[in-house]
Every structure is written in C-alpha cells, then in structure tokens.
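Welcome, and take a moment to look over the model before reading on. This short tour visits a few helices and a handful of residues that reward a closer look.

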Amino acid sequence: MFPQRLAEAAQRIQSHFDDIFGALEPIPVVQAMGYATQGGKRLRGFMVLESARLHGIAADRAIWSATAIEALHAYSLVHDDLPCMDDDDLRRGRPTVHIKWDEGVAVLAGDALQCLSFELVSRPENGPAEIRAELALSLARARGAQGMVLGQALDIAAEAATVPLALDQITALQAGKTGALIEWSACAGARLAGGDPEPLRRYASALGLAFQIADDILDVEGDAEKAGKRLQKDAGANKATFVSLLGLDGAKARAEELVAQACVALDPYGSEADTLRAAARFVIARDS
C-alpha cells in the first residue's frame, strides 16, 4: 500500500508542477525551477496528502500544500548545492542546477521556488483566509531562522568549530535542518482541516530525526550510484554525526527506536494511519 501511495503522490505532484511551470515563460530560470523539482521521493508532499486524507481533506485541495513543500524543499537543495554551501555537482543522479546552468541561474531559481511555495499555500483553493494564513505563517517559521535556516547556520558553524558537536547539539541542529520541513508536512493536513496537529507533530519530530540518522548511515555505507549524490562527505570534513558519536550499530538502533515512537504517536488515528507508519519504516530502510 505505501509504495503505491508514495508513487501516486509523486505523480500527482509532478503533474501539478508541470501545469504550474507550463503556464510560465520558458526562460532559463523557469527551466531550472522545473529541473530542480523533478525526481526525488516526494516524501514531504506525500505526508501532506496523507495527513490531509486522515482529516477528510480531498487530494485536489491538499495538492497545493503538497506541491508547496516540494517547491520549498527543492529550493533548499538548489542553494545547499552551491559552491558557497556544500559545493556539490550531483543531485538525484544528475548535474546540480549551478553545474547545468550557472550560479546566477541557480540562486534565482532557488529564490523563485521559495516564493512559489508561499504563493501555493496562499491560494484560495486551500480554504478560508485564516487557514491559508496559518499555513503560510507556519511554513515561514519552519523555513526561517527558527527552523531550517537555523539548522543550516548551526551546521556551517559546526564545520568551523574546533570542538565537534555533542549528541544533544547535533539533535537540535537536525531538528531544524531536516526536521522542520518534515514536521510542517505531517501537520499540514490537520491545519487544512482546522484540527489539532499535535499527534502528527510528535510523529514528525521522531520521524525527522530518524530520517537524518538514516542519512548519516547512508553517508557511511550507502551506494553513491543509488543515492544519486556524493557520499562519505561527513568523514572527509571531520564532522560529528550520529554515526560518529553513537557508532554504526548504535545509530541504527536509535533510528529504530525513533520509528517506534513515531508509530505510537499515530495511535489516535488507528489503522487509518498505517500508511504513515509504513512511511516511518521506509525512512530508515531507504537506499537514497
């Protein structure tokens, strides 16, 4: 059930992107935006659609928020890959945007994708004005200096530090860098319905940390061809990670514990949330 739902969500999101970019003038920046939003697991968009389904929100309404979070995620990857950040030349098995075009186009494409994400959650299709305002406000907080940007800033500072981060510091860093957008995605359905997002917030908090631990494990023992990106960067940069602090077996055990916590958080939804439980198990079993 989960692989099929994930594939259906990815197809629906891609179709929505095709419609959006097809209506814009095909200048290089727009072409780069479309390129950056192709491929990937679409896990964040999937969580928007699934959490919406749990709250009785139709997919044709939730698709706007699902596409918004994928646009924002794509923006973060485009900018992360820039020479001034992670300096990567490969993403999802293809040249990164600044390699395929140039740095200027990559910066502008990322900027435009971020703007697009807020345009999409602000559209009337999402529901009443107060719901759209809450979606936009919560998305800004997840993206900004209280969320992903904070995590990225802490990560950059850690690379220049002479003392590696401790476990609690890495946990806080990743709660912003990786977890904030995952949390927004999982809570979007409740926000669209004007409901209580707390069970889904607890689910996403555990899931986001498990996701990052899985990334750290992949960086050590993953296959670069399957991952579609350069691996073993953390060791080369002498960065403290969950693997370096807990060991490979310890990191895997911690990820399993977090997935169990995520699944328990979904108890209020009963069997209706089984697909989200499967998503949590997928996060630590993936190879990319």
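Let us begin with a bend: helix H14 turns by about 95° at Leu248. What you see is a predicted model, so every value here is computed from predicted coordinates.

**A bent helix and its surroundings**

How far does H14 span between its end C-alpha atoms? H14 covers residues 242-265, and the distance between those end atoms is only 23 Å. A straight helix of 24 residues would span 34 Å at 1.5 Å a residue.

The N-terminal end of H14 is capped by Thr241. A side-chain oxygen of Thr241 lies 3.2 Å from the backbone nitrogen of Val243. Val243 is itself among the buried residues of H14, along with Phe242, Ala251, Ala255, Leu258, Val259, Ala262, Cys263 and Ala265. What do these buried residues pack against? Their partners are helix H9 (167-177), helix H11 (198-221) and helix H15 (274-283).

**Two helix pairs**

Two packed helices are described by the angle between their axes and the distance between the axes. The table gives both values for two pairs in this model.

| Helix pair | Angle between axes | Distance between axes |
|---|---|---|
| H9 and H14 | about 100° | 10 Å |
| H1 and H4 | roughly 80° | within 9 Å |

Angles of 65 to 115 degrees count as roughly perpendicular. H9 and H14 are therefore roughly perpendicular to each other, and the description roughly perpendicular applies to H1 and H4 as well.

The residues that make these meetings can be picked out in the structure. On the H9 side, Leu167, Ile170, Thr171 and Gln174 meet Phe242, Leu245 and Leu246 of H14. Phe242 also belongs to the buried residues of H14.

In the other pair, helix H1 takes in residues 2-22 and helix H4 residues 59-80. From H1, the residues Arg12, Ile13, His16, Phe17 and Ile20 take part. They meet Ala59, Asp60, Ile63, Trp64, Ala66, Thr67, Glu70 and Ala71 in H4.

**The loop between H2 and H3**

Next comes the loop between helix H2 (28-36) and helix H3 (43-54), where Arg42 is found. Thr37 lies in this loop too, as does Gly39.

Is Thr37 buried or exposed? Its relative accessibility is 1%, so Thr37 counts as buried. The side chain of Thr37 reaches back to two backbone oxygens: that of Met33 at 3.1 Å and that of Gly34 at 3.0 Å. Leaving aside neighbours within four places in sequence, Thr37 is in contact with Gln14, Phe17, Phe21, Arg42, Ala74, Arg92 and Leu113.

Gly39 is partly exposed, with a relative accessible area of 37%. Not counting residues up to four places away in sequence, Gly39 touches Gln14 and Arg92. Gly39 and Leu165 are 126 residues apart in sequence, and their C-alpha atoms are 33 Å apart in space.

Arg42 is buried, with a relative accessible area of 4%. Its phi is near 60°, a positive value in a residue other than glycine.

A positive phi appears again at Arg92, where the value is near 55°. Arg92 sits in the loop between strand E1 (90-91) and strand E2 (94-95). At 27% relative accessibility, Arg92 counts as partly exposed.

**A buried arginine after H15**

In which segment does Arg286 lie? Arg286 is found in the segment after H15. Buried means under 20% relative accessible area, and Arg286, at 8%, therefore counts as buried. A polar atom of the Arg286 side chain lies 2.9 Å from the backbone oxygen of Phe211. Phe211 is also among the contacts of Arg286 beyond four places in sequence, together with Lys41, Ala214, Asp215 and Leu218.

**An exposed stop**

Our last stop is Ala23, in the loop between H1 and H2. Ala23 counts as exposed, at 64% relative accessibility. Ala23 and Asp111 are 88 residues apart along the chain, and 18 Å separates their C-alpha atoms.

How values were computed. Residues numbered from 1 in each chain as written. Predicted model: local features only at pLDDT ≥ 70, side-chain atom pairs only at ≥ 80, totals over all residues. Heavy atoms only, no water. Helix = DSSP H or I, 4+ residues; strand = E, 2+ residues; numbered from the N terminus. Expected span 1.5 Å × (residues − 1). Bend = angle between axes of the 7 residues up to and from the residue. Buried < 20%, exposed > 50% of the residue type's maximum accessible area, 1.4 Å probe, protein only. Contact = heavy atoms within 4.5 Å. Polar contact = N/O pair within 3.5 Å; in protein donor to acceptor, adjacent residues only side chain to side chain. Axes fitted to C-alpha atoms, helices over the stretch in contact; angles between N-to-C directions. Parallel < 35°, antiparallel > 145°, perpendicular 65-115°, else oblique.
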